[in-house]
Amino acid sequence: MKKIFAAEAEITGASSGKEALAWLSWHEADLVLLDLQMPGMDGFEVLRKMKQQRRLADIPVIILTGTIESELEAEGFLAGATDFVRKPIIPSAIRQRVSRVLRYEYLQDNLAKEVRRQTNLAEERLATTVRIFREMVLALAKTIDAKDKYTHGHSERVAEYSRCLARVDGASEEEQEEIYTMGLLHDIGKVGIPEAIINKPARLTDEEYKVIQSHTVIGSDILHLIKAAPDLFQGARYHHERYDGKGYPDGLVGDAIPKTARIIAVADAYDAMTSNRSYRGILPQTTVRKEIEKGSGSQFDPRYASIMLRLIDEDTAYRMCETGMTEDGKSD
Ligand SMILES: [Fe+2]
């Protein structure tokens, strides 16, 4: 063998299967030429032992045999042999077989590397797209809040409370993320409402109230433009619907209102009461609790009102309010 491959490769011989395995466990090999008849362990046993070891399992093995019976060949392939060569060895034939196997292994290895590279690239691109989407949504939320001088950080808090309600309700991570995004964008329609109306300190006229109400439909129309997220409009369109059907813009009743919007409605009302307004400060927690309780079944879905009441009861230090929230929208 050494003579046959002298010019192309470095060959190491072993006189038994045991010796071959011992050598392989300490050295790197590109290929193994394995004789079936050896003292002690036969070639098949060596092959099986190689396949059991992670480091050796991928080394291609060509079996050298005096006779190639189909049963033996099948057993060899089952055990993981790459090819068979009949003895006596013909130098040109074995050279060709070896180079073919090595070339195949090289291509396979390169293909696996290329697949890995492309997969990593696709994952990186997806992560970047997701990050850009999140940052754009956050930027939009801040744009909306900047327009209304009395509701600084409102969208982020509503998003955070909505996610929290969904989490306690048993929503998956994906659903929580979706409702968080909807919460951030629930008031996006306010971009289409004149600031003079949004920030009017006096009582609104009926006409002005109608204009304010139209932020639900404007927001829904804007978010319908994002075709990749077809449900995203739900929070914007339905967050002023009431469980008893007396809300707007569509007057939907009970479960006809999407679950996401029923959750956001509770979070929205909760934040309105627990943040400062031009005409009042943050309401006392007991008042907020009473209002949520009072609205359960009429304004709010009782399921989410009751989760909100639980969250209020757990919040003994009353941190879940405008002044208790940190910059990133989380409560301290
Ligand atoms: Fe709103």
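In this predicted model, α5 and helix α6 (residues 154–168) pack at an angle of about 125°, their axes lying 8 Å apart. Axes here are lines fitted to C-alpha atoms, for helices over the stretch in contact, and angles run from 0 to 180 degrees between N-to-C directions. Helices (H or I, at least four residues) and strands (E, at least two) are DSSP runs, numbered from the N terminus. α5 and α6 are therefore oblique to each other; angles under 35 degrees count as roughly parallel, over 145 as roughly antiparallel, 65 to 115 as roughly perpendicular and the rest as oblique. On the α5 side, Ala141, Ile144 and Asp145 meet His154, Ser155 and Glu156 of α6, where a contact requires C-beta atoms, placed from the backbone, to lie within 7 Å. Sorted by class, this contact of α5 with α6 has 2 nonpolar, 2 polar and 2 charged residues. Ala, Val, Leu, Ile, Met, Phe, Trp, Tyr, Cys and Pro count as nonpolar, Asp, Glu, Lys and Arg as charged, and the others, Gly among them, as polar.

Residues are numbered from 1 along each chain as its sequence is written. As the model is predicted, local features need pLDDT of at least 70 and side-chain atom pairs count only at pLDDT 80 or more, while totals for chains, interfaces and linings use all residues.

Helix α5 also holds Leu121, which is exposed, with 10 other C-beta atoms within 10 Å. A residue is called buried if 20 or more other C-beta atoms lie within 10 Å of its own, exposed if 12 or fewer, and partly exposed in between, with C-beta atoms placed from the backbone. Between the C-alpha atoms of Leu121 and Glu69, 52 residues apart along the chain, the separation is 47 Å.

A second helix pair is formed by α13 (residues 285–295) and α14 (residues 302–314), which pack at an angle of about 165° with axes 9 Å apart. These two helices, α13 and α14, are therefore roughly antiparallel to each other. Their crossing is left-handed, meaning that the near helix is turned anticlockwise from the far one by less than a right angle, with clockwise giving a right-handed crossing. Gln285, Val288, Arg289, Ile292, Glu293 and Gly295 of α13 meet Ala305, Met308, Leu309 and Ile312 of α14. The contact of α13 with α14 comprises 6 nonpolar, 2 polar and 2 charged residues.

Two of these α14 residues reappear around Val266, a residue of helix α12. Val266 is buried, with 29 other C-beta atoms within 10 Å. Leaving aside neighbours within four places in sequence, Val266 is in contact with Leu165, Phe300, Tyr304, Ala305 and Met308. The C-alpha atoms of Val266 and Gln37, 229 residues apart along the chain, are separated by 79 Å.

In helix α2 (residues 17–24), Gly17, Ala20 and Leu24 are buried. They cover an arc of only 60° around the axis, which puts them on the same side of α2; the arc is that of the directions from the helix axis to the C-beta atoms. The buried residues of α2 pack against α3 (43–52).

Turning to the backbone, most residues other than glycine have a negative phi, and most peptide bonds are trans. A cis peptide bond nevertheless joins Lys87 and Pro88, with omega about -5°; Pro88 lies in the loop between β3 (83–86) and α5 (91–147). Another cis peptide bond links Tyr248 to Pro249, with omega about 10°, and Pro249 sits in the loop between α11 (233–238) and α12 (259–273). Tyr318, in the segment after α14, has a positive phi, near 50°. Tyr318 is partly exposed, with 15 other C-beta atoms within 10 Å.

Conventions:
Two residues are in contact if their C-beta atoms, placed from the backbone, lie within 7 Å.
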